[in-house]
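This report describes a structure chain by chain and then turns to the places where its parts meet.

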Amino acid sequence: MNDLKEQEVNDMLEKEQIRELKRFSKRIQMEVMKMIAEIGVGHLGGSLSITDLLAVLYGAEMKYDPKNPRWEGRDWLVVSKGHSGPAVYAALALKGFMPMSRLATLNRPGTDLPSHCDRNHTPGIDMTTGSLGQGASSAAGIALAHKMDGKKNRIYLVLGDGELDEGQVWEMALFAPQHRLSNLTAFVDYNRLQLDGPTDEICALGDIAAKFREFGWYAQSIDGHDVSAIYEAIEKAKKESEKPSMIVLNTIKGNGWSGSAGRASCHNQTVSKEQLADALREMEAALKEIEEEGENE
Amino acid sequence: MSIRIAAEHLPEKKEMRRVYCETLMELAENNRNIVVLDADLMGAMGTKPFQARFPEQAVDCGIQEANMMGVAAGLSAVGKVPFAHTFGPFATRRACDQIFVSGAYARMNVKVVGSDPGITAMLNGGTHMPFEDMGIMRGIPTMTILEPTDCAMLRDLIRQIAGIYGMYYMRLVRKTCVQIYEEGSEFEIGKAVMLRDGSDVTLIASGFCTAEALKAAKTLSAQGIEARVLNLFTWKPIDTNAVVAAAGDTGAIVTAENHNVINGLGSAVAEVLARSRPVPVEMIGVQDRFGEVGPLDYLADRFGLTEPYIVEAARKAVSRKMHKNME
């Protein structure tokens, strides 16, 4: 189920584990490209920017059972930036929650893979999201319920940077420390681009980690494309016994393909068959690089 | 199910909020999943005794209604049965999207309670006086919408909805109501109660207007008009059978609500009648106006929610029916 878990000896990942997570992230990216190209358009940017996080969560950190998605002992993931659904679906399919063939149904009429995450449609989706800010509160509620019952499950929450414009996030930012939700680990995908342009030009967020720290969180700011750094930050968060954790992921929107990386237009982007081929070429090359790293060791 | 109608309809001694808290405490005694949430109105809502007795099952979120509804949805995802209260306008206007998406659309199990319906907000005035709360909630698929009439009904409905999975909105008077039912009465959600039968017109009333409708029926009877009185406490799903039967049996309808007639009880009844059995309908309720400050009697008269207005509306409905028959 979660092999890396067993091999874990300390807070650091072995080199082969790191490579495995990088490969997993790249495979998620490739599936995202295929899904979006299949229907021609989709939320590409915010999907590609969180694949390294998803690789660490589903590849090394979270407890789950693909055969029993609502297993009580599982860790929960609320992707509050619900439009990143394609990346989550790809990760879930790669981990066996559903057949890989289902990914091609993204946003087709009657699909179980809608643009925005829906707990009643997709196995492995823990919370319905899509109206920004709301996953923050539901994740806090899920964390609170587990705490009330004395359960040890971890609750993970992924927020978008643009999403932090929503007041509801800051209501929750006050609420979670008040209720000592140390079982809650939140991430912000700080790619510095929102739909209309750079976050700094629309509604500047400044030092997100400092803001959360001031609100009473244990906050870290890391390279969101470094799987070891993500893993280590989560391990540190898990040691915190009082405070909820915020891990700011400094990322690149549309990461992984030159046709999308760093462009505001990649929020909801069209992808042609030619562009898909181009992206997959780049991603295959990246995969090869990861393999070569291993061989050279 | 047995409903016993009280012999006399007098103001109750017990406040509704006391029954709310007592019933939740009774439920929590045997169900550790009951969670009471509030947005800094536990004192106002009288749930401090619950908090004192079940501190682990009480969450005072502070003044953050949107977060509270989301937290409630999250709690329900893990099997809790949250009752989330704030004043009606903040529950429904301010946190509408949270109730919609994190609650109803996500198929959660949250009991939303909005207090101080309509004119009962009294001195809090227009900002706090929800004439639209039921209408807002009515537009959300899967929501069941309730307005308990008195303490006996409130106690029964709270016990029931705690055990039924799904999204509920209940508007709730914090202070006293007029007693309509005997304690121990058991109601069926979705089924209107016939308080009085009559052949000439039907008064379909809810909440504050129920006792007024009963008074109006008495006055009308003295004038030779026999009115049926229905207490339609479930606004959604509406009791279509009772409404259609009333139209068929009496040929004229008056709705009476402490709410805007637009998107309110009058609208809901008219929707049923327009499709199944069109008859003259008069609507007593707030005629698309904002609330204002004042004592209850003053506001009830100012917005035309009392007996004389209902009597006049009934006479008009009956005359429209006669007029139609003569044509």
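Two residues are in contact if their C-beta atoms, placed from the backbone, lie within 7 Å. By that rule, among contacts in chain A between residues at least 6 apart in sequence, 76% join residues at least 24 apart. In chain B, residues 24 or more positions apart account for 80% of the contacts with a separation of 6 or more. The model is predicted.

## The two chains

The table lists like values for each chain.

| Chain | Helices and strands | C-alpha box along the principal axes | Buried residues |
|---|---|---|---|
| Chain A | 11 helices and 9 strands | roughly 50 × 45 × 40 Å | 52% of 297 residues |
| Chain B | 13 helices and 12 strands | roughly 65 × 40 × 40 Å | 59% of 327 residues |

Does the radius of gyration of chain A agree or disagree with that of a compact globule? A compact globule of 297 residues would have a radius near 19 Å, and chain A has 18 Å, so the two agree. For the 327 residues of chain B the expected radius is near 20 Å; chain B has 19 Å, which agrees as well.

## A residue in chain A

Gly46(A) is found in helix α3 of chain A, which covers residues 45–48. Is Gly46(A) buried or exposed? Gly46(A) has 31 C-beta neighbours inside 10 Å and therefore counts as buried; the cut-off for a buried residue is 20 or more. Leaving out residues up to four places away in sequence, Gly46(A) touches Lys81(A), His83(A), Ser84(A), Gly160(A), Asp189(A), Lys253(A) and His267(A). Glu14(A) is 32 residues from Gly46(A) in sequence, and their C-alpha atoms are 28 Å apart in space.

## Where the chains meet

The contact between the chains takes 22 residues from chain A and 22 residues from chain B. On the side of chain A that touches chain B, α6 (134–148) and α7 (167–178) of chain A each supply at least two residues. The largest share of that side, 11 residues, comes from α6(A). By class, the side of chain A that touches chain B divides into 10 nonpolar, 10 polar and 2 charged residues.

## The domains of chain B

The domain assignment of chain B gives domain 1 (16–172) and domain 2 (193–326). The centres of these two domains, taken over C-alpha atoms, are separated by 27 Å. Their contact takes 23 residues from domain 1 of chain B and 28 residues from domain 2 of chain B. On the side of domain 1 that touches domain 2, the elements giving two or more residues are α7 (133–138) and β5 (144–146) of chain B. That side of domain 1 has 13 nonpolar, 7 polar and 3 charged residues.

## The largest nonpolar core

Which residues touch the most other members of the largest nonpolar core? Of its 203 residues, they are Ala140(A), Leu157(A), Leu203(B), Ile310(B) and Ala314(B). Helix α2 (residues 15–39) of chain A gives this core its largest share, 10 residues. The core also draws at least three residues from each of domain 1 (16–172) and domain 2 (193–326) of chain B.

Leu157(A) can be followed further. Not counting residues up to four places away in sequence, Leu157(A) touches Val78(A), Ser80(A), Gly135(A), Ala136(A), Ala139(A), Leu184(A), Ala186(A) and Phe187(A).

How values were computed
Residues numbered from 1 in each chain as written. Chains lettered and ligands numbered in written order. Predicted model: local features only at pLDDT ≥ 70, side-chain atom pairs only at ≥ 80, totals over all residues. Helix = DSSP H or I, 4+ residues; strand = E, 2+ residues; numbered from the N terminus. Rg over C-alpha atoms; globule rule 2.2 N^0.38 Å. Domains from an automatic or database assignment. Nonpolar A, V, L, I, M, F, W, Y, C, P; charged D, E, K, R; others polar. Core = buried A, V, L, I, M, F, W, Y, C linked by C-beta atoms within 7 Å.
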